[in-house]
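Dear colleague,

Please find below the structure that I am handing over to you. My findings follow directly after it.

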Amino acid sequence: MRKIFLAFLVTFFAITQFSIVAAAPSISYRAYVQDYGWMREVSDGDVAGTTGQNRRLEAIKINAKNIRYRAHVEKEGWQDWVSSGQTAGTMQQSRRMEALRIQLTGDYANKYDVYYRVHVEKLGWMDWVKNGDIAGTVGQSRRIEAVQIRLTNKNSRDPSYEDNKRRSRYDDDDDYYNNRRGSRYDDDDYYNNRRGSRYDDDDYYNNDNSGRGRHRY
C-alpha cells in the first residue's frame, strides 16, 4: 500500500509540473480609444479597441510579467519603452497610435513568445508578429484601431494556425451539413422513391400480415 501511495504522489507531481510547463501565462491589456477613453480590460487574444467604427487607438496598457512595449505615435514617432502596467501612447491629445512593438524580458524571453497583431485603418487585421517586431505601419499616417495579444510557449505555432484551423473546421461543418441535407432533400429520386415505395404501392395498403386490408384515408 505504501508503495502504491508513493507511486501515486510521484505521478501526481509529475503531471502537475508538466501542466505548469505546458501552460503559458495569461496576459491582459486595455486600450484608450477616441471618444471612449479607457475601455475594459481584455486578455489572451481578445480584441482591445474597436473595428468598423473609424476610431483611433491612442494608448495601451499591458499587464504581464517581464514585458516591455513601445508605441509609434502621430507627430512623435517611437516613444520610449515602458513596462507592465504603464501607458504607451498619449491621452487627450487626439493623436493616433500607428505602430506597436512588444517584447518579453528575462527568463520569460527564453520560455515564451509574445504574439500580437493590429487592426489598421483601411488595411484591416494585419498578420501576427512576435517578440519585438513592428505591428502596424510607419510613415503611412494610418491609425491603429484595435489590437490582439497572446503569450505562447516558446516556438509554438503561430496563432494564425489555430485561427485557420477553427475557421476550416466550421466551414467544413457547413459544407458537410449542406451537402448531406442536399443529398437527401434535394434529390428527387430519393424523396419520390421513398414516398412512392409506400404510398404508391397498392399491395402495401391492401394487404398486411394479418390479411386485413389497409386504407389510404
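Lys 61 lies over the face of Trp 38, with 4.9 Å to the ring centre. A second placement of this kind involves Arg 68, which lies over the face of Trp 81 at 4.0 Å from the ring centre. Please bear in mind that the model is a predicted one.

Trp 38 also takes part in an aromatic pair. The count of such pairs comes to two. One of them joins Tyr 32 and Trp 38 edge-to-face, with 5.3 Å from centre to centre and 75° between the planes. Tyr 32 is buried, because its relative accessible area of 12% falls under the 20% limit. Trp 38, at 25% relative accessibility, counts as partly exposed. The other pair is formed by Tyr 108 and Tyr 112, again edge-to-face, at 5.1 Å centre to centre and with 75° between the planes. Here Tyr 108 counts as buried at 13% relative accessibility, and Tyr 112 is buried with a relative accessible area of 11%.

As to the chain as a whole, it contains five helices and 15 strands. Of its 217 residues, 35% are buried. The exposed area is about 14,300 Å², of which carbon and sulfur atoms supply 45%. Among the contacts with a separation of 6 or more, 55% are between residues 24 or more positions apart.

Strand β6 deserves a description of its own. Six of the seven residues of β6 are buried, so the strand is largely enclosed by the rest of the structure. To which strands is β6 joined by bridges? Seven bridges join β6 to strand β10, residues 97-104, and the two run antiparallel. In this pairing Ala 71 stands opposite Leu 100 of β10. Strand β8, residues 82-83, is joined to β6 by two bridges, also in an antiparallel arrangement. Arg 68, already mentioned for its position over Trp 81, stands opposite Ser 83 in β8. Two bridges likewise join β6 to the antiparallel strand β7, residues 77-78, where Val 73 stands opposite Gly 77. The hairpin of β6 and β7 has three residues between the strands, and within this hairpin Lys 75 takes a positive phi near 70°.

His 72 may serve as an example of the surroundings of this strand. His 72 is placed in β6, which spans residues 67-73. With a relative accessible area of 10%, His 72 is buried. Leaving aside residues up to four places away in sequence, His 72 touches Gly 77, Trp 78, Arg 96, Met 97, Glu 98, Ala 99 and Val 138.

I turn next to the nonpolar interior. In soluble globular proteins, nonpolar side chains tend to be buried together. In this model the largest nonpolar core has 32 residues, and those with the most contacts inside it are Ile 60, Ile 62, Ile 67, Met 97, Ile 102, Val 147 and Ile 149. Two or more residues of this core are given by each of β1 (28-33), β5 (57-63), β6, β10, β11 (112-120) and β15 (144-153). Which element gives the largest share of this core? That share, five residues, comes from β11. Ile 60 illustrates how such a residue is surrounded: residues up to four places away in sequence not counted, Ile 60 touches Arg 30, Trp 38, Tyr 69, Gln 86, Thr 87, Ala 88, Met 97, Leu 100, Val 147 and Ile 149.

Finally, two aspartates should be noted for their backbone angles. Most residues other than glycine have a negative phi. Asp 35, although not a glycine, has a positive phi of about 75°. Asp 35 lies in the loop between β1 and β2 (37-38) and is exposed, with a relative accessible area of 65%. Asp 44 has a positive phi of about 50°, and is likewise not a glycine. Its place is in the loop between β3 (42-43) and β4 (48-49). Is Asp 44 buried, partly exposed or exposed? Asp 44 is partly exposed, because its relative accessible area is 39%, and partly exposed residues lie between the limits of 20% and 50%.

With kind regards

Key. Residues numbered from 1 in each chain as written. Predicted model: local features only at pLDDT ≥ 70, side-chain atom pairs only at ≥ 80, totals over all residues. Heavy atoms only, no water. Phe/Tyr/Trp six-rings, centres within 6.5 Å; stacked < 30°, edge-to-face > 60°. Buried < 20%, exposed > 50% of the residue type's maximum accessible area, 1.4 Å probe, protein only. Lys NZ or Arg CZ within 6 Å of the ring centre and 35° of its normal. Helix = DSSP H or I, 4+ residues; strand = E, 2+ residues; numbered from the N terminus. Contact = heavy atoms within 4.5 Å. Areas by Shrake-Rupley, 256 points an atom, 1.4 Å probe, with all protein chains shown as cover. Pairing = 2+ DSSP bridges. Core = buried A, V, L, I, M, F, W, Y, C linked by side-chain atoms within 4.5 Å.
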